[in-house]
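Subject: Structure handover

Hello,

Please find the structure below. My notes on it come after.

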Amino acid sequence: MHSDGTISIIVNGEHRRVNGGMTIAGLAGELGLEPAKVAVERNLEIVPRSTLGDVTLEDGDELEIVHFVGGGDHAVAGGGGDHVPAPVDDDSWTVAGKTFRSRLIVGTGKYKDFAQNAAAVAASGAEIVTVAVRRVNIADRNQPMLTDFIDPKTITYLPNTAGCFDAESAIRTLRLAREAGGWDLVKLEVLGEARTLYPDMIETLRATEILAKEGFLPMVYCADDPIAAKRLEDAGAVAIMPLGSLIGSGLGIQNPVTIRLIVEGAKVPVLVDAGVGTASEAAAAMELGCDGVLMNTAIAEAKDPILMAAAMKAATEAGRLAYRAGRMGRRRYADPSSPLAGLI
């Protein structure tokens, strides 16, 4: 403690001096933050929100204070292989015991502002949005928050680990996310390197095993590899999310055969994650039998994001209907639609 009764701490990488005896809740109040909307890590240990008013800061403490921000690019259980007819207006899907009607999940990054983001979510009909976990901006307490525009009480937040390149950082991020929002359903992605943002499957599998043991329900971004997908499912993944192509590339589905094999072999929902660039590609994902499709850049970087969101909604629904209807068989030669008998 300094001679003036203050102590030195580090908050989100910045050195600060605060009064000795101050609690974490007191610090949050001094910073203009609502404890109910943040999660706090003290010296690499998560501090339960219920105890923020009881934990006294000590000289040399290092704090990370996070909340949800827009970000992240990146069914009926059974992998979408059920051909039993169902009414058109009754086609919900379930993941980890939670049921949804929309099969389109959208990200919350790259929009010009939160208002546009919220309008795109509304146009898409999505019931789930992916959110990144980032440090609270303590330098600008008036900065808007995603929760002010997209209500987590009506839209399910799916915290993700965008930007994590090893299992440890991904696990740490999701522990903080659970403290901040209370959700166990999360999206796990562990990247191999920055140029391609391709998943590191060894680290992804390791993180999946640890998170599942801690009670998380991880929906896992992965390579379009049927063997890796099965191992993730065995490790505790509640949904398999193979990439269609590289995150943010807009290249569409590059390997439909392997994604179809993943769908056929999975006992949990399968959703194409990453690479979709336009509506026809969303429909193609659903026609493969996927339970859903996740996208961010395709909507956010469109010339008219709101209109594209509506297009993606329609495409996802159309692709699902086409899959349920059952595609006609492919033939080598023509087969006339009109009968040839009785020609004039």
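The notes cover the overall make-up, the nonpolar cores and one helix pair.

This is a predicted model, in which local features need pLDDT of at least 70 and side-chain atom pairs count only at pLDDT 80 or more, while totals for chains, interfaces and linings use all residues. Residues are numbered from 1 along each chain as its sequence is written, and side-chain values use heavy atoms, with hydrogens and water left out.

The protein chain has 9 helices and 15 strands (DSSP runs: H or I of at least four residues, E of at least two, numbered from the N terminus). Of its 344 residues, 49% are buried (under 20% relative accessible area, 1.4 Å probe, protein chains only). Its accessible surface is about 16,200 Å², with 53% belonging to carbon and sulfur atoms (Shrake-Rupley method, 1.4 Å probe).

The largest nonpolar core (buried Ala, Val, Leu, Ile, Met, Phe, Trp, Tyr and Cys joined through side-chain atoms within 4.5 Å) has 63 residues. Helix α3 (residues 167-181) gives the largest share of this core, 7 residues. Ile240, Met295, Ile299 and Met312 have the most contacts inside the core. Leaving aside residues up to four places away in sequence, Met312 touches Met295 and Ile299, among others including Leu104 and Val276 (contact: heavy atoms within 4.5 Å). A separate second core of 18 residues includes Val18, Val47, Leu57 and Ile65.

Helices α5 (residues 226-235) and α6 (residues 256-265) have axes that come within 9 Å and cross at roughly 30° (lines fitted to C-alpha atoms over the stretch in contact; angles from 0 to 180 degrees between N-to-C directions). Pro226, Ala229, Lys230 and Glu233 of α5 meet Thr258, Leu261, Ile262 and Gly265 of α6.

Regards

Definitions and conventions:
Buried < 20%, exposed > 50% of the residue type's maximum accessible area, 1.4 Å probe, protein only.
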